[in-house]
Amino acid sequence: MKLLHVVGARPNFPKLAPVHRAAVQAGLVQTVVHTGQHYDDAMSGAFFRDLGIPQPDVDLGVGSASHAVQTARIIERIEPVLERERPDWVVVYGDVNSTMAAAIVAVKLGLRVAHVEAGLRSRDWSMPEEINRIVTDRLASLLLTPSRDADATLRAEGEPESEIVFVGNVMIDSLLHALPMARASGFRAKLGVDGKAVVVTLHRPSNVDEPRRLAGIADALRDLARDYAVVFPAHPRTQQRLRDAGIDMGAVKLMEPVAYAEMLDLVQGAHVVVTDSGGLQEETTALGVPCLTVRENTERPITITEGTNQLVPDPAALAAAVRSVRRTPAPPRPEGWDGKAGERVAHALAAR
Ligand code: UD1
């Protein structure tokens with residue numbers, strides 16, 4: 001059996017790694033296509049190295065552009081690759097433009113699509129990722145879900161039971177695999193931050209593209225920097241928006257995006273994580289670290305009901321919310337967040 005994996009953006013890579021590893025074990029033939037949606041070493045190459053994923057077999061080199069142009073480039077450039085390779089499964093990950101674009105081309109060529117991380121919904125159609133999730137799930141014929149709420153969502157949307165397979169969370173496979181490397185990195189010590197660090201990531205258009213909202217969040221972070229080490233590895237988009245808006249982060253430790261293991265070291269030792277990332281909502285739940293999500297909604301409700309996540313949509317409430325966080329014992333990890341999800345994905349693919 002031959003798998004063709006399509007990845008493109010930073011959050012795809014920790015999802016690919018455990019599936020690729022398990023498929024090697026299962027003796028499946030594999031091709032990795034990188035769309036080039038993310039291309040900076042810090043956003044892409046460093047992740048392949050840290051996660052032990054072999055270099056991509058094909059790089060489509062699409063780069064940054066508007067959603068339409070980026071999606072169109074992927075569609076155009078991936079078609080000949082899929083025609084040539086004709087895999088048994090095209091495996092797509094998460095909710096980025098690369099995910100949806102690859103799924104559209106694959107089904108039109110009569111190829112079967114498997115979606116890893118199917119069934120998540122924010123119910124917020126203004127999020128580009130929500131459109132990517134819905135379109136991809138509609139097209140895929142194997143819906144590999146990270147949590148039981150996702151199964152229920154897909155059933156309610158009329159997806160056939162035979163296509164829905166609960167596998168658990170592949171992101172947590174990568175986390176558990178990389179924790180020793182994260183501890184060994186000594187990254188927190190190098191930065192000189194202690195257990196009271198507030199670790200921040202922000203990149204959603206809804207937070208960073210609106211200068212007034214971004215300024216409100218920056219106010220809260222500067223306020224917190226009086227009492228805590230506030231560490232903010234910033235996505236290139238966010239850095240650009242901060243520059244454009246002329247926002248000074250004061251005592252906040254603003255830095256370039258950090259590598260996977262370094263980020264895990266920061267997160268596992270954090271007092272609290274402030275984020276709008278989907279992956280970090282999950283990683284903090286798995287590690288028992290409090291997480292404040294600066295959004296109105298989440299497509300990962302299990303991180304609230306069974307984890308450490310809390311929505312704080314109003315930037316004016318953020319500083320007080322951080323100050324009121326009290327550490328509690330880590331809750332048990334959600335079902336299937338056990339480090340074996342990649343094996344279950346490989347098994348589900350090989351069995352069909
Ligand atoms: C994309 C995903 C988002 C995911 C995020 C993680 C979509 C719709 N969005 O958003 O779901 O959470 O990745 O990072 O697919 N840039 C660089 N170097 C890079 C990549 C991007 O400098 O390697 C800059 C460019 O200025 C670019 C901007 O970041 O215009 C945004 O990149 P883009 O891929 O369009 O979206 P992300 O915000 O990264």
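Here is a short chat about the ligand and the residues around it.

Reader: Before we start, what kind of model is this?
Author: This is a predicted model, where local features need pLDDT of at least 70, side-chain atom pairs count only at pLDDT 80 or more, and totals for chains, interfaces and linings use all residues. Residues are numbered from 1 along each chain as its sequence is written, and side-chain values use heavy atoms, with hydrogens and water left out.

Reader: Cool. How many residues surround the ligand?
Author: 19 do, and the closest are Q37, H38, E129, H203 and H235. To count, a residue needs a heavy atom within 4 Å of the ligand.

Reader: Which polar atoms lie by the ligand's oxygen atoms?
Author: Q37 has a polar side-chain atom 2.8 Å from a ligand oxygen, and H203 has one at 2.7 Å. Y39 uses a polar backbone atom instead, 2.9 Å from an oxygen of the ligand. A polar contact here is a pair of N or O atoms within 3.5 Å.

Reader: New topic: which helices supply shell residues?
Author: α3 (67-85), α5 (128-139) and α11 (236-244) each give at least two. Helices are DSSP runs (H or I, at least four residues), numbered from the N terminus.

Reader: And what about domains, which ones join in?
Author: Domain 1 (2-169 + 337-351) and domain 2 (177-324) each provide at least three shell residues. Those bounds come from an automatic or database domain assignment.

Notes. Polar contact = N/O pair within 3.5 Å; in protein donor to acceptor, adjacent residues only side chain to side chain.
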